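Work through the exercises below with the model open. Try each task before reading its solution.

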Amino acid sequence: MLGGDEFISSPPRKTVRFGGTLTDILLKYQKGETTDFELLKHQLSDPDIKDAQIINWLHEFRASVVYLTKELEQLVSILLKLPWLRRSREVVEEYLGFLGNLVSAQTVHLRPCLRMIVSQFVPPRITIREDDVDISDSDDDDENLSENFNTCHRALQTVARYVPSTPQFLMPILVENFPFINKSERTLECYVHNLLRVTVYLPSLRLQILELIIEKLLKLDVSTPQQEIEDAEETANSSGSEEKSPEEGLFDMEEDEERKGNTIVSSSSERMAHPLAERLDILMTILFSYIKDVCHVDDKLDINKTKDLYRDLVSVFDKLILPTHASCHVQYFMFYICSFKLALAEAFLDHLWKKLHDPNNPSVIRQTAGSYIGSFLARAKFIPVVTVKACLDLLVNWLHKYIDNQDTGANAYCDVALHGPFYSTCQTVFYTLIFRHKQLLDGNLRKGLSYLQSLNFERIVMCQLNPLKICIPSVVNLFAAITRKYQLVFCYTIIERNNRQFIPVVRSGTGGDLVQTCTNPLDSFFPFDPYILKRSKKTIDPFYQFWEELSAEDLENLKKPIKRGTSEDEDDDFLKGETPQNDGVVGIAPSSL
């Protein structure tokens, strides 16, 4: 016989006391005898249940899953609430075995099992009570959190192995469990990170998961206009009241399921003052990290994996990003993946071009595609001048054909509603020239000028559709200055005439204010304007062409027309040192197209 202490410390036998075996209890319950069944539920619900007891029960349940039909879903619900994750390795292994047995024998419980696993994708909340008052309610900083997430993914893989239809049941659960954007940064970070990990072993869900994440990011993005973010930063800087509490960063996105996630502690200077911008910054950092890790194997680009991910991201871009007006940051996932290889950037440009010139697409989509082309060509350092010229040729040729078809017809007058895609394409060409004219002329000024003259800007500017009246004034003015300097076209006569005809148009804004709308009739925006989220911008900045305001000297230089036959070294840098100077891309051979 065992002594008292020995009895307490020894594991229970493999049979359940208090009424016989588990099978006996379940059979009695089917006959209407519920006493032992209620006692069983009470024991399983005990918050002080020991590891040895859990293992004992799970071992019995694994042998009795055939009895766990839909009628016993209340009992199964209690089993799914067992605190198994933060227990010994033996409990975890036994529980994973139980889950596998349960879903393979009783698929009716698949959804509850999946809900239980997905509910563990965020840190648990720790509530501290004092005198019946909650004095603390925060995320659990459990140092084993990363290991717990690994175990959750093992559980999900176990279920998917036994039930091949798991992905179609899992996706709605992932959607409904996505945390609200007002949840803590840590909660959102962990959930998004775990969603992306699911795509590694359930690749059939990758497109849907990327759609879900990017849709949520987009809502965050449009809820935080750039001006609001800048105002919050300015206020925080001027008051010196930046939060001092560092926030743990993302886990490394690794496909190795056994590797523990490392955390990065961010300094307070990296935190965004605007709370929604802070959340967006963290989540964009995770998305960029995921894109990099999927596309690279042992730090080398895997072109097949990259192409597959590119296709998924383009699909999400078409569905969510392109129809959304004036998002500031989320679209940069396309900018980033295109930086990996020139062929991807060219494929993206070709994709946008097809959107732009297809008359079957809605006008607003065509115009937005034009904005993306111009902003991408202007801002992406990794796009060589040979690709810029190829794009300009396509765009300008289309403009001339459009003028051929419209300039003498009944619709040959300035009207945004009729000719929106035309004006958007004009602005794309003007904007690209503003940023890239230095490269286009670099090396051989005479040859560069000959190329620009061949584009025949004069015909575009002088046509009856009058694009200078519709395009954004800042773009028109810089385009006019550059084309005047190189004697490509003289725009100022038309600009002055347009200004004399300019009639202010006002409409009631959302707050009841009068908003002047005539300065941007296209309602256009530049989607790759500067990226201002502090952490994630570190990923974008190395590939990004910045713009600086023109100095008085630059402006003066633009007023001086260049003389025919001048030296090829004539200085026409109007970007105050920011114009790219052969950044390793201009010399790429045409064969790279």
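**Exercise 1. Count the salt bridges, then examine two of them.**

Step 1. Apply the rule: a side-chain nitrogen of Lys or Arg must lie within 4 Å of a carboxyl oxygen of Asp or Glu. The count comes to 22 salt bridges.

Step 2. Note the basis. This is a predicted model, in which local features need pLDDT of at least 70 and side-chain atom pairs count only at pLDDT 80 or more, while totals for chains, interfaces and linings use all residues. Residues are numbered from 1 along each chain as its sequence is written, and side-chain values use heavy atoms, with hydrogens and water left out.

Step 3. Take Lys28. Its side chain meets that of Asp36 in a salt bridge, 3.3 Å from N to O. Now grade the partners by relative accessible area: buried is under 20%, exposed is over 50%, and partly exposed is in between (1.4 Å probe, protein chains only). Lys28 has 28% and is partly exposed. Asp36 has 19%, so this residue counts as buried.

Step 4. Take Glu38. It pairs with Lys41, and the closest N and O atoms are 3.5 Å apart. Both residues lie in helix H3 (residues 35-44), 3 residues apart, about one turn of the helix. Helices here are DSSP runs of H or I with at least four residues, strands are runs of E with at least two, and both are numbered from the N terminus. Why can such a spacing suit a pair? An α-helix has 3.6 residues a turn, so residues three or four places apart point the same way. Glu38 is partly exposed at 41%, whereas Lys41 is buried at 12%.

**Exercise 2. Trace the salt-bridge network that contains Glu278.**

Step 1. Start with one pair. Glu278 and Arg271 meet through their side chains, 3.3 Å from N to O.

Step 2. Check burial. Glu278 is buried, with 0% relative accessibility. Arg271 is also buried, at 8%.

Step 3. Extend the links. The network joins Glu185, Arg271, Glu278, Asp281 and Arg535.

**Exercise 3. Which residues form a negative surface patch with Glu230?**

Step 1. Set the criteria. Patch residues have over 30% relative accessible area and no salt bridge; like charges are joined within 9 Å, and nonpolar side chains (Val, Leu, Ile, Met, Phe, Trp, Tyr) within 5 Å. Lys and Arg count as positive, Asp and Glu as negative; His and the chain ends are not counted. Each charge is placed at NZ of Lys, CZ of Arg, CG of Asp or CD of Glu.

Step 2. List the members: Glu228, Glu230, Asp231 and Glu234.

Step 3. Locate Glu230. It sits in helix H12 (residues 226-239). Its relative accessible area is 34%, so Glu230 is partly exposed.

**Exercise 4. Describe the surroundings of Phe61.**

Step 1. Place the residue. Phe61 belongs to helix H4 (residues 51-63) and is buried at 0%.

Step 2. Find its neighbors. A contact means heavy atoms within 4.5 Å. Leaving out residues up to four places away in sequence, Phe61 touches Leu22, Leu40, Leu44, Leu68, Leu75, Leu79 and Phe98.

Step 3. Add a C-alpha distance. Phe61 and Leu102 are 41 residues apart along the chain, and their C-alpha atoms are separated by 8.8 Å.

**Exercise 5. Identify the buried residues of helix H7 and their cover.**

Step 1. In H7 (residues 110-118), the buried residues are Leu110, Cys113, Leu114, Met116, Ile117 and Val118.

Step 2. Their cover includes helices H5 (73-80), H6 (89-105), H8 (145-162), H9 (166-176) and H10 (185-201).

**Exercise 6. Inspect positive phi values at Asp299 and Asn466. Is each residue buried or exposed?**

Step 1. Asp299 has a positive phi of about 65° although it is not a glycine. It lies in the loop between strand S3 (296-297) and strand S4 (300-301). At 74%, Asp299 is exposed.

Step 2. Asn466 has a positive phi near 50°, and this residue too is other than glycine. Its loop runs between helix H21 (457-462) and helix H22 (467-470). At 9%, Asn466 is buried.

**Exercise 7. Summarize the chain.**

Step 1. Count the elements: 26 helices and 6 strands.

Step 2. Gauge burial. Of the 593 residues, 50% are buried.

Step 3. Sort the contacts. Among those with a separation of 6 or more, 75% join residues 24 or more positions apart.

Definitions and conventions: Areas by Shrake-Rupley, 256 points an atom, 1.4 Å probe, with all protein chains shown as cover.
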